[in-house]
Amino acid sequence: EIHPQLKVGQWVNASQVRSDDTGQSRRFSGDLLVQIDLKSYAERVAQAKTRLSENVASLRRLEQEQKNSQRMLQKVTSDHETFEKEFDRIKKLRSKNAVTPSQLARSLLELRQYEDAFIRQDNEQKLFPLRQTEMIERQKSLQTDLRIAELDLKRTEVRPPFSGSLSEIGRASCRERV
């Protein structure tokens, strides 16, 4: 859109900073000369904000998952330690021929299952810092996307860089730039 009163000789004002009676500075935007349809740019800003919010929620969820995983690691560690003691007890009983070789073998297999569970949970716990770093870096990227979208939205309005009288209006050149 081109301002309807935009014609040669028309006075236009640039943005200004003025002080009011209390000494507060206020910024006044200049006259609007041309405005590009901002719908798609506004949608990009909204989309960038939504994606940023989603990432923040995902980061919170990851923090909770890490707490849950830490509790699970503590439980698995405790279970492993308990069963390791049980295996040692059965091994001593085997040396006295109080249990069969198959009972010792079953006990060993169960101990290995607890060890596997411990290793899986420990590995999972060690991935959390990497996943958090990945999400933090994604958040930085999304914040950059939001700033770019907001800048593009801001650029949909063309205002004069300084106040003055228009000496020429190139409607065709405005359309080419838009």
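**Salt bridges, helix contacts and nonpolar cores**

In the predicted model, Lys140 is partly exposed, having a relative accessible area of 45%. Its partner in a salt bridge is Glu137, with 3.2 Å from N to O. Glu137 is likewise partly exposed, at a relative accessible area of 43%. Both residues belong to helix α2, and because three residues set them apart, Glu137 and Lys140 are separated by about one helical turn. Elsewhere, salt bridges that share partners join Arg61, Glu65, Glu124 and Arg131 into one network.

Two salt bridges of Arg131 were examined individually. One is formed with Glu65, where the closest N and O atoms are 3.1 Å apart. This pair links distant parts of the chain, since Arg131 lies in helix α2 (residues 101-154) and Glu65 in helix α1, 66 residues apart. The other is formed with Glu124, and here the closest N and O atoms lie 3.4 Å apart. With respect to solvent accessibility, Arg131 is partly exposed, with a relative accessible area of 30%. Glu65 also counts as partly exposed, at 23% relative accessibility, and Glu124 is assigned to this class with a relative accessible area of 32%. In total, the structure holds nine salt bridges.

The geometry of helix α1 was then considered. This helix covers residues 39-95. At 1.5 Å a residue, its 57 residues should span 84 Å; the C-alpha atoms at its ends are 81 Å apart, so the expected span and the distance in the model agree. After α1 comes Asn97, a residue whose phi is positive, near 60°.

Several residues show where α1 and α2 meet. Phe87 lies in helix α1. Because its relative accessibility is 9%, and buried means under 20%, Phe87 counts as buried. When its neighbours within four places in sequence are left aside, Phe87 is in contact with Leu104, Ser107, Leu108 and Leu111. One of these contacts can also be described through the backbone: the C-alpha atoms of Phe87 and Ser107 are separated by 5.9 Å, although the two residues are 20 residues apart along the chain.

A polar residue is found in a buried position in helix α2. Gln121 belongs to this helix and is buried, with a relative accessible area of 15%. Its side chain makes a polar contact of 2.9 Å with the side chain of Ser69. Ser69, Met72 and Leu73 are the residues in contact with Gln121 once its neighbours within four places in sequence are set aside.

Asn55 provides a further case, this time in helix α1. With a relative accessible area of 4%, which falls under the 20% limit, Asn55 is buried. Leaving out residues up to four places away in sequence, Asn55 touches Met135, Arg138, Gln139 and Leu142. Leu142 in turn touches Arg51, Leu52 and Asn55, with residues up to four places away in sequence again not counted.

Attention next turned to the nonpolar cores. In soluble globular proteins, nonpolar side chains tend to be buried together. The largest nonpolar core in the model has six residues in all: Val45, Ala48, Leu52, Leu142, Leu146 and Ala149. Helices α1 and α2 each supply at least two residues of this core. Another core lies apart from it and has five residues, among them Leu6, Val12, Leu33 and Leu166.

Beyond the helices, the model contains a pair of strands. Strand β2 (residues 16-19) and strand β3 (residues 25-28) run antiparallel and are joined by four bridges. Within this pair, Ser19 stands opposite Ser25 in β3. The two strands form a hairpin with five residues between them. The turn includes Gly23, which has a positive phi of about 90°.

Note on methods:
Residues are numbered from 1 along each chain as its sequence is written. This is a predicted model: local features need pLDDT of at least 70, side-chain atom pairs count only at pLDDT 80 or more; totals for chains, interfaces and linings use all residues. Side-chain values use heavy atoms; hydrogens and water are left out. Buried means under 20% relative accessible area, exposed over 50%, partly exposed in between (1.4 Å probe, protein chains only). Contact means heavy atoms within 4.5 Å. A salt bridge is a side-chain nitrogen of Lys or Arg within 4 Å of a carboxyl oxygen of Asp or Glu. The expected span of a helix is 1.5 Å times one less than its number of residues. A polar contact is a pair of N or O atoms within 3.5 Å; within protein, one must be able to donate a hydrogen and the other to accept it, and residues adjacent in sequence count only if both atoms are side-chain atoms. A nonpolar core is a set of buried Ala, Val, Leu, Ile, Met, Phe, Trp, Tyr and Cys residues joined through side-chain atoms within 4.5 Å. Two strands pair if DSSP finds at least two bridges between them.
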